[in-house]
Amino acid sequence: MTGIQDDDAGEQAFYAALNAPVPGEEPRQPSIWQMTEEELLTEVVSRCERYGVASVHIDNAHHSKRRGDLIGFPDLILCGRNGVAFRELKREGPWHSLRPAQAAWKWRLLAAGQDWDIWQPSDLTSGRIDRELAALSRK
C-alpha cells in the first residue's frame, strides 16, 4: 500500500468510528466531523441564497476534463454587493490539506488581491460563514 492509500484507509476508519451507533442512545444530528464536502456545499449555497450572495460551484471533476487549467480552482466563487470571494471547502479533520494544484490557485488569487480561504463544517457552527456572507452582502 502507498502512503496515500494508507491515509485514505485511516480517514475511512476514522469517519466510520464517528458514525457508529452508540447502543441505547437516540440517533443524533450529524456532527461537524461527519459532514461531507457535499453536505457543506449544500448548506453554504442555502445560506448564500438567504444572504443574497450569488454562488458558483466549480465542479473540478467535470471541468478538468475540458479545461486542465481549472484543476485545483476553488470550489466556490461568491459574489455579493460588497465584493467577491473564493472558497475551498474541506471536511473537518486532520486531512484538510490542499493538493498542489489547489495551493497554486490559492497563491495566484491571493497575489491578485483576491479574498481566498478554506471553509470547514466548524466554520458553520462558529458563525464564521454567516459573518463572511453577511459582509459580502452588505449594501
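In the predicted model, Phe-73, Phe-86 and Trp-105 are linked into a cluster by ring pairs. The number of aromatic pairs comes to two.

One pair joins Phe-73 and Phe-86. The ring centres of Phe-73 and Phe-86 are 5.9 Å apart and the ring planes stand at 85°, so this pair is classed as edge-to-face, since planes over 60 degrees apart are given that name. The two residues come from distant parts of the chain. Phe-73 is found in the loop between helix H3 (60-63) and strand S2 (76-80), whereas Phe-86 belongs to strand S3 (residues 83-89), and 13 residues separate them. Phe-73 has a relative accessibility of 10% and therefore counts as buried, the limit for this class being under 20%. Phe-86 is also buried, with a relative accessible area of 9%.

The other pair is formed by Phe-73 and Trp-105. Here the ring centres lie 4.7 Å apart and the planes are at 80°, so the arrangement is again edge-to-face. Trp-105 is part of helix H4 (residues 100-111), while Phe-73 is in the loop between H3 and S2, so the contact ties together parts of the chain that are 32 residues apart in sequence. Phe-73 thus takes part in the pair with Phe-86 and in the pair with Trp-105.

Trp-105 is buried as well, its relative accessible area being 16%. The face of the Trp-105 ring is covered by a charged residue: Arg-108 lies over it, at 4.7 Å from the ring centre.

Notes. Residues are numbered from 1 along each chain as its sequence is written. This is a predicted model: local features need pLDDT of at least 70, side-chain atom pairs count only at pLDDT 80 or more; totals for chains, interfaces and linings use all residues. Side-chain values use heavy atoms; hydrogens and water are left out. Rings of Phe, Tyr and Trp (its six-membered ring) pair if their centres lie within 6.5 Å; planes under 30 degrees apart count as stacked, over 60 as edge-to-face and the rest as tilted. Helices (H or I, at least four residues) and strands (E, at least two) are DSSP runs, numbered from the N terminus. Buried means under 20% relative accessible area, exposed over 50%, partly exposed in between (1.4 Å probe, protein chains only). A charge sits over a ring if NZ of Lys or CZ of Arg is within 6 Å of the ring centre and within 35 degrees of the ring normal.
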